[in-house]
Amino acid sequence: METQNIVHRGSFHSAFPSILSRKIHRALTLPIHSSSKIHSSKWASLKIHCPFYSDTLLTKTNLQCSRKSVDKVKYKGIPDIEEDKPKANIRRKNIAVFVSGGGSNFRSIYEATVDGSVHGDIVVLVTNNHVPQSMYAYDADCGGAEYARDKHIPIIVFPKKKDAQEVFSAEDLVIALRSFKVDFILLAGYLKLIPSELIRAYPKSILNIHPSLLPAFGGKGYYGMKVHKAVIASGARYSGATIHYVDEQYDTGRILAQRVVPVLAKDTAEELAARVLREEHKLYVEVAAALCEERITYREDGVPLIQSKENPNNYR
């Protein structure tokens with residue numbers, strides 16, 4: 001079915017009948033130069049706000065959907081992860097980052113994509129943190145979203161507040177991410193449970209970072225400063241950062257990488273948090289680089305391993 005786009009350069013209010021007629025309402029914030037097309041089997045109306053050109057409005061899009069999940073690139077004659085593949089022979093990967101707050105890990109990963117350390121691009125940011133801008137629209141309100149706006153990275157607000165007039169469902173989120181051709185999803189301080197629809201759509205492609213050495217001090221309710229206070233109260237001598245695959249529970253997916261830091265005798269939660277965060281920034285960039293260079297493999301028991309870039313026969 002042919003895709004049709006109607007772009008208005010005029011009054012915001014004149015577009016309301018089209019905007020409010022459908023389910024997906026102000027789902028995306030896209031830069032004006034974006035040529036992304038959303039594929040779905042249904043009609044939907046999206047308000048697309050350009051932070052540096054506020055009169056541009058996409059009011060109607062014919063959506064045609066392909067329900068297939070994103071597949072990894074295959075290389076003929078090369079076993080999965082068993083041989084090193086030069087960057088030049090690997091497609092740059094598209095990354096979606098999910099944040100709820102300041103997004104310092106998001107910033108570190110973005111900078112690494114720019115300087116070439118990570119062979120990929122952050123093509124969209126998802127945040128659940130929003131405040132009402134009017135009775136019709138919601139906008140992102142967190143440090144990570146502000147940084148994304150400055151870099152002209154599209155923003156999706158998910159989930160919407162319960163009292164929002166329009167509901168952006170988990171299925172809609174999957175469709176939107178596929179429209180950006182997302183390969184991997186990186187959670188960087190995103191405090192909402194990931195819906196099962198998204199986990200099924202992106203198997204072994206969603207990672208989270210947690211500020212403790214899982215499985216200790218993880219699970220529902222363990223986030224932010226609460227984790228570090230619990231570590232200190234327990235008398236543990238070591239803490240750190242853990243990157244793990246995401247499943248349908250909090251912090252229970254397979255562990256991919258960890259970094260250890262000492263817990264000092266007179267540590268405050270704030271001091272420990274700062275020490276862990278410095279390691280988080282380094283670790284997440286290293287893991288993102290391994291993902292984009294296709295250096296993740298699995299033991300026979302399902303435990304994921306990272307192949308060394310320098311020596312393909314070594315794993316960590």
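Is E294 buried or exposed, and at what relative accessible area? This note on the predicted model starts there.

1. **E294.** With a relative accessible area of 10%, E294 is buried, because buried means under 20%. Its phi is positive, about 60 degrees, although E294 is not a glycine. E294 sits in the loop that links α7 to β14 (296-298).

2. **Other positive phi values.** Most residues other than glycine have a negative phi. K181 is an exception here, with phi near 55 degrees. The loop between α4 and β10 (184-187) holds K181. K181 counts as exposed, at 59% relative accessibility. H152 also has a positive phi, about 60 degrees, and comes just after α3.

3. **Cis peptide bonds.** Most peptide bonds are trans. The bond joining F158 and P159 is cis, with omega about -5 degrees. P159 is placed in the loop between β9 (155-157) and α4 (170-179). The bond from L214 to P215 is cis too, with omega near 10 degrees. P215 belongs to the loop between β11 (206-210) and α6.

4. **Overall content.** The protein has seven helices and 15 strands. Of its 316 residues, 50% are buried. Take the contacts with a separation of 6 or more: residues 24 or more positions apart account for 67% of them.

5. **Nonpolar cores.** Nonpolar side chains tend to be buried together in soluble globular proteins. The largest nonpolar core in this model has 43 residues. F106, L125 and L207 have the most contacts inside it. Helix α7 gives the largest share of this core, eleven residues. A second, separate core has 25 residues, among them V126, F168, F180 and Y202.

6. **L125.** Leaving out residues up to four places away in sequence, L125 touches V97, V99, F106, G144, A145, A148, I153, P154, I155 and I156. Three of these names recur in α3: G144, A145 and A148 are among its buried residues. Y147 and R149 of α3 are buried as well.

7. **α2 with α3.** Helix α2 (residues 104-115) and helix α3 (residues 143-150) cross at roughly 25 degrees, and their axes come within 9 Å. The two are therefore roughly parallel, as the angle is under 35 degrees. On the α2 side, F106, R107, Y110 and E111 make the contact. On the α3 side, G143, G144, Y147 and A148 do so. By class, the contact has four nonpolar, two polar and two charged residues.

8. **α6 with α7.** Helix α6 (residues 225-234) packs on helix α7 (residues 269-292) at an angle of about 110 degrees. The axes are 9 Å apart. That angle falls in the range 65 to 115, so α6 and α7 are roughly perpendicular. The crossing of α6 and α7 is right-handed. Helix α6 contributes M225, H228, K229, V231 and I232 to the contact. Helix α7 contributes A269, E270, L272, A273 and V276. The contact of α6 with α7 has seven nonpolar, one polar and two charged residues.

9. **L198.** This residue lies in helix α5 (residues 196-201). L198 has a relative accessible area of 0%, so it is buried. Beyond residues up to four places away in sequence, L198 touches F98, L173, V174, L177, I185 and I206. L177 is 21 residues from L198 along the chain, and their C-alpha atoms are separated by 9.5 Å.

Definitions and conventions: Residues numbered from 1 in each chain as written. Predicted model: local features only at pLDDT ≥ 70, side-chain atom pairs only at ≥ 80, totals over all residues. Heavy atoms only, no water. Axes fitted to C-alpha atoms, helices over the stretch in contact; angles between N-to-C directions. Helix = DSSP H or I, 4+ residues; strand = E, 2+ residues; numbered from the N terminus. Parallel < 35°, antiparallel > 145°, perpendicular 65-115°, else oblique. Left-handed = near helix turned anticlockwise from the far one by under 90°. Contact = heavy atoms within 4.5 Å. Nonpolar A, V, L, I, M, F, W, Y, C, P; charged D, E, K, R; others polar. Core = buried A, V, L, I, M, F, W, Y, C linked by side-chain atoms within 4.5 Å. Buried < 20%, exposed > 50% of the residue type's maximum accessible area, 1.4 Å probe, protein only.
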